[in-house]
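Reader: I'd like a close look at how one pair of helices packs in this model, and then a walk outward from there to the spaces inside the fold. Could you take me through it in one go?

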Amino acid sequence: MTTTTTRVLAPADLDEAMDLLESEPVNNAFVTSRVKVAGLDPWRLGGEMWGWYEGGRLRSLCYSGANLVPICATPEAVRAFAERARRTGRRCSSLVGPAEPTAELWRLLEPSWGPARDVRPHQPLMVADRMPDDITPDPLVRRIRKDEMDVIMPACVAMFTEEVGVSPMAGDGGLLYQARVAELVGAGRAFARTEDGKVVFKAEIGAVTPDACQIQGVWVAPEHRGRGLSVTGMAAVLRHALADVAPVVSLYVNDFNAPARASYRRVGFREVGEFMSVLF
């Protein structure tokens, strides 16, 4: 008989967990980047890592922190993770991950966790591993300096509010969000084009592993849209990412955002999968 079990992983399980995370480097970039920095200690990781075992071997993971993220999750593992999540109650602000297991996880959790504020079932996952031949990167897109937080923060707040539907300044006054932006700026992973002291294009390299990184927070100021800044700006960020960060660059985008998808394709990103997000 095949025995199965689910438990919270401990620091001693790190090597086995990393083997599983690294088996899908693009899908798992967000969680892999956190685990590489923090290990599996829940206090440092900012959440628990649940492991699903079959026949004594780790087969699937689920990160349970500010986000609930199924990782390499089989249908049996999804059911086990859903049962654990129901017992512990909702502690996350979103469910996010590869579309198929995330959709099943939400189907099982919705009766006890619903309703969600927003469900985005189709978010194409896109990757690029080379620069486009026919796009000149915007030479004015540059790394934001640590002394420019007052320049970048309004654009970050505007992007988040437009994308998520709520302001990141709510609740704690934006302290956690500002700390995250400051972390990216300090790491040299926040990029922008500024004109007259204001951001007109920006993007960050969020999750980073040796195998892949993930671009996030792409935004063009509304009054500057239609100028092609997203294409040349993304080419500039892609150049930095490939040269300094990882050999594969990824992002995921809402399927209804046709202009963004077209811009990313122009820069050479291709669709390789699909994510799903459930926002609370």
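Author: Helix H1 (residues 14–21) and helix H2 (residues 29–38) pack with their axes 10 Å apart, at an angle of about 155 degrees. Angles over 145 degrees count as roughly antiparallel, so H1 is roughly antiparallel to H2. The crossing of H1 past H2 is left-handed. Bear in mind that this is a predicted model.

Who does the touching? On the H1 side the contact is made by Leu14, Met18 and Leu21, and on the H2 side by Val31, Thr32, Val35 and Lys36. Sorted by class, that contact has 5 nonpolar residues, 1 polar and 1 charged.

Some of those names come back when you look at the empty space. Leu21, Thr32 and Lys36 are among the residues lining the second largest cavity, which has a volume of about 40 Å³. Its lining also includes Glu22 and Pro25, along with Thr209, Pro210 and Asp211 from much later in the numbering. By class, the lining of this second largest cavity divides into 3 nonpolar, 2 polar and 3 charged residues.

There are 2 cavities of 30 Å³ or more in the model, and the largest holds about 70 Å³ of space. Its lining is made up of Glu48, Trp50, Ser64, Gly65, Leu68, Ala85, Thr88, Gly89, Arg91, Cys92 and Trp113. Strand E2 (48–54) and helix H4 (75–88) are the elements that give two or more residues to that lining. In terms of class, the largest cavity is lined by 5 nonpolar, 4 polar and 2 charged residues.

That brings us to another helix pair. The axes of H4 and helix H5 (residues 99–113) come within 9 Å and cross at roughly 30 degrees. Angles under 35 degrees count as roughly parallel, so H4 is roughly parallel to H5. Here the crossing is right-handed. H4 brings Val78, Arg79, Phe81, Ala82, Ala85 and Arg86 to the contact, while H5 brings Pro101, Glu104, Leu105, Leu108, Leu109, Ser112 and Trp113. The tally for this contact is 9 nonpolar, 1 polar and 3 charged residues. Ala85 and Trp113 do double duty, taking part in the contact of H4 with H5 and also lining the largest cavity.

Two backbone details sit in the loops around this pair. In the loop between strand E4 (67–71) and H4 you'll find cysteine 72; its phi is near 50 degrees, a positive value in a residue other than glycine. In the loop between H5 and strand E6 (118–128) there is proline 115, and the peptide bond from glycine 114 to proline 115 is cis, with omega near -5 degrees. Why flag these two? Because most residues other than glycine have a negative phi, and most peptide bonds are trans.

One last stop is an open space rather than an enclosed one: the second largest pocket, with about 170 Å³ of space. It is lined by 14 residues, and those nearest its centre are Lys198, Val199, Val200, Ala221 and Glu223. Helix H6 (149–164) and strand E9 (198–208) are the elements that give two or more residues to this lining, and H6 has the largest share, with 4 residues. By class, the pocket lining has 7 nonpolar, 2 polar and 5 charged residues.

Key. Residues are numbered from 1 along each chain as its sequence is written. This is a predicted model: local features need pLDDT of at least 70, side-chain atom pairs count only at pLDDT 80 or more; totals for chains, interfaces and linings use all residues. Side-chain values use heavy atoms; hydrogens and water are left out. On a 1 Å grid over the protein atoms alone, a cavity is a set of points where a 1.4 Å probe fits but cannot get out, and a pocket is an open set with protein on both sides within 12 Å along at least five of seven lines; lining residues have an atom within 4 Å of a point. Grid points are joined across faces, edges and corners, and a volume is the space filled by probe spheres set on the points. Ala, Val, Leu, Ile, Met, Phe, Trp, Tyr, Cys and Pro count as nonpolar, Asp, Glu, Lys and Arg as charged, and the others, Gly among them, as polar. Axes are lines fitted to C-alpha atoms, for helices over the stretch in contact, and angles run from 0 to 180 degrees between N-to-C directions. Angles under 35 degrees count as roughly parallel, over 145 as roughly antiparallel, 65 to 115 as roughly perpendicular and the rest as oblique. A crossing is left-handed if the near helix is turned anticlockwise from the far one by less than a right angle, and right-handed if clockwise. Contact means heavy atoms within 4.5 Å.
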